[in-house]
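The following explanation is intended for a reader who meets this structure for the first time. Please keep the sequence and the model in view while reading.

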Amino acid sequence: MNDPSQPSSPPDPIAQEILRATAGSRKLYGFNDTHDPRTPADFWFQESDEGRILFAVFYTQACRWSRCLGCNLPTRMSQHPVGFRLLMAQVDALFAHPDVMICSDKLRKVIVSNNGSVLDQVTFSSTALIYLIAKLNLHLPRLAVLSLETRIEHVEIEELEFIARALREGETPTQLELAIGFEAFDNRVRNDIFRKGLQLHQFENLCRTIARYRFHLKCYFMLKPIPGMTADEAVSDIHRAIDYLSAQARACGVTLNLHLNPTYVAAGTVLEQHFRDGTYTPPTLRDTARAALHAQGTPLTVFLGLSDEGLACPGGSFVQPQEGPIVAQLEAFNRTQDYAILRSVAGL
Ligand code: SF4
């Protein structure tokens, strides 16, 4: 109960916006308001054909969109603002972590996430972003690519130009990449059912714009992101996506990576309700290989996301018991882009 002797703080309109979007998408999860805001939400390493990658998830106010059907990434975030001092402390904590320090001269790529939009200045402080870039230049002498996860509506080309200019001051030339969530190619699946809120013309404008600056693009797709899709329909949606992205890459001359995530059943979402009543099952690793095989001979590179980041409900992962060796094969594909591996996993 409120103490009437204390002045009550005004409600945060951004937190209300997030709560409204969450409730409107029938999501049942809460936020992580007990996390130490001086440490990142999480970080891990990946191996790809680009070399060793540091994937850093900073702890900020949650994604303002918060509507996508199968997404519970905001559960790791705060519903309240996280100011620039705290976010800068997270940057310091990341670069002081022994696991990062020990491989700082080997890191070739950093992907920056806040499980939302790093370029949304409302939830991710600009001061902290500039500070992060300064730290990258100071601590990662071989950094080749900086990737920023964002929704398209937060992209401002002047901001990207400034970031790219700062990155050029590092010891190694560092390319700027934008990482965009696309999730599904079919318009109805993507926007009417999954509620991504992404139109093809927005994406095509972005491709044309960033091609002029030679920035790179990473596009996240999900295999079988909604209930009511057969395995063949899910694979076919990714094949259409690959054809579309390849055409964009050729037309605009943009360097494009397809990041394909087999869908896990995210706890607290509508997808979990369908999983529990038997109307949704996650895709298989074999179908993931079948989907990605279509990229052979295209201008695209492919990275397969093989972790549910601990966000799947019990039994809701796409990896079945005993499938560790298949995961290892797909990780080898991520490092080599050797399509013979995918053919072997797909049983072709
Ligand atoms: S998928 Fe991305 S944009 Fe959609 S709700 Fe999740 S974090 Fe937000």
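The paragraphs below begin with one strand and its partners and then turn to the ligand.

The model shown here is predicted. A suitable place to begin is strand β4, which spans residues 145-149. This strand is mostly covered, with five of its five residues buried. The covering applies to both faces of β4: Val-145, Ser-147 and Glu-149 are buried on one side, and Leu-146 and Leu-148 are buried on the other.

Strand β4 has a parallel partner in strand β3, residues 107-113, and four bridges join the two. Within this pairing, Lys-109 is found opposite Val-145 of β4. Between the two strands the chain passes through helix α4, which comprises residues 126-139. The resulting β-α-β crossover from β3 to β4 is right-handed.

Strand β4 also pairs with strand β5, formed by residues 175-183. Here too the strands run parallel, and five bridges connect them. Ser-147, one of the buried residues of β4, has Glu-177 in β5 as its bridge partner. Helix α5, residues 157-167, belongs with β4 and β5 to a β-α-β unit that is right-handed.

Attention may now turn to the ligand. Which residues lie around the ligand? They are Cys-63, Trp-65, Ser-66, Arg-67, Cys-68, Cys-71, Leu-73, Asn-115, Gly-116, Arg-151 and Gly-181. Sorted by class, this shell holds five nonpolar residues, four polar residues and two charged residues.

Conventions. Residues are numbered from 1 along each chain as its sequence is written. This is a predicted model: local features need pLDDT of at least 70, side-chain atom pairs count only at pLDDT 80 or more; totals for chains, interfaces and linings use all residues. A residue is buried if 20 or more other C-beta atoms lie within 10 Å of its own, exposed if 12 or fewer, and partly exposed in between; C-beta atoms are placed from the backbone. Two strands pair if DSSP finds at least two bridges between them. A crossover is right-handed if, with the strands pointing away from the viewer, the path from the first strand over the helix to the second runs clockwise. A residue is near a molecule or strand if its C-beta atom, placed from the backbone, lies within 6 Å of it. Ala, Val, Leu, Ile, Met, Phe, Trp, Tyr, Cys and Pro count as nonpolar, Asp, Glu, Lys and Arg as charged, and the others, Gly among them, as polar.
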